Amino acid sequence: MLNLSALQTVQPLQTPDLQLVPMSEAFLDSVMAGLEHREFMRLTGTHGTFTRPQVEAFLAALPKRQDRADWAILRREGGEYLGEVVLNDLDADNHSMNFRIALNSDEVVGRGYGTQATQAAIRYGFERVGLHRIHLGVLTFNPRAQRVYEKCGFVREGVERDALFWEGEWIDQIRMAMLSTDPRPD
């Protein structure tokens with residue numbers, strides 16, 4: 001049975017190095033900075049551009065949403081904003097959600113933060129929300145993210161061919177998922 005109250009009131013999470021706190025307007029400047037990072041936009045396949053008022057309105061609406069959980073990833077020591085981690089696209093009938101993560105600067109990549117944030121969000125989805133399945137898509141030109149997802153227990157399920165058209169080239173997207181019954185690495 002799903003516990004939708006865990007999506008209505010998203011709880012903060014902690015890992016050895018991170019605090020994950022509910023995303024809010026307080027992080028507007030940091031979110032905007034991430035949306036201006038060209039390489040991270042490429043790695044997530046984000047074509048769109050977003051205005052400050054659009055992002056502010058989106059962040060302001062998050063506490064009213066009951067179909068997703070969005071966290072700001074903060075360094076536990078010092079509280080520096082590192083990125084965001086999200087469970088979204090709730091399919092309540094099938095106890096399933098999508099997962100995504102975005103780190104905000106080159107300086108924080110490769111330090112284990114993405115792994116810790118992913119593991120914390122996955123635990124929240126399975127243990128608190130009661131999901132059966134968490135799935136994601138990762139573009140083939142992002143092997144670093146693929147390794148993190150595999151390390152966290154996601155299983156490759158297939159490939160969406162030519163899923164993204166980026167700078168004149170078609171890019172495949174790997175579909176991955178984890179079930180509540182799958183073993184999860186510690």
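**Exercise 1. Determine how strands S1 and S2 pair, and what links them.**

Solution. Start with the ranges: S1 covers residues 13-14 and S2 covers residues 18-22. Strands here are DSSP runs of E, at least two residues long, numbered from the N terminus. Next, take the sense: S1 and S2 are antiparallel, over 2 bridges. Two strands pair if DSSP finds at least two bridges between them. Now find a register point: Gln 14 is opposite Gln 19 in S2. Finally, look at the link: 3 residues separate S1 and S2, which form a hairpin.

This is a predicted model, where local features need pLDDT of at least 70 and side-chain atom pairs count only at pLDDT 80 or more, while totals for chains, interfaces and linings use all residues. Residues are numbered from 1 along each chain as its sequence is written, and side-chain values use heavy atoms, with hydrogens and water left out.

**Exercise 2. Follow S2 to strand S3 and give a bridge partner.**

Solution. S3 spans residues 69-75. S2 and S3 are joined by 5 bridges in the antiparallel sense. For a register point, take Val 21: its bridge partner in S3 is Ala 72.

**Exercise 3. Place strand S6 between its partners and state why it is largely enclosed.**

Solution. S6 holds residues 133-139. On the S5 side, 3 bridges link the two strands, which run parallel. There, Asn 98 stands opposite His 135 in S6. With S8 (residues 169-179), S6 pairs over 7 bridges in the antiparallel sense. There, Leu 139 has Gln 173 of S8 as its bridge partner. Now burial: 5 of the 7 residues of S6 are buried, so the rest of the structure largely encloses this strand. Buried means under 20% relative accessible area, exposed over 50%, partly exposed in between (1.4 Å probe, protein chains only).

**Exercise 4. Compare two residues with positive phi, Asp 162 and Glu 167.**

Solution. Take Asp 162 first. Its phi is positive, about 50 degrees, although it is not a glycine. Asp 162 sits in strand S7 (residues 155-166). Its relative accessibility is 42%, so Asp 162 counts as partly exposed. Then take Glu 167. Its phi is also about 50 degrees, and Glu 167 is not a glycine. Glu 167 lies in the loop between S7 and S8. At 61% relative accessibility, Glu 167 counts as exposed.

Terms used. Helices (H or I, at least four residues) and strands (E, at least two) are DSSP runs, numbered from the N terminus.
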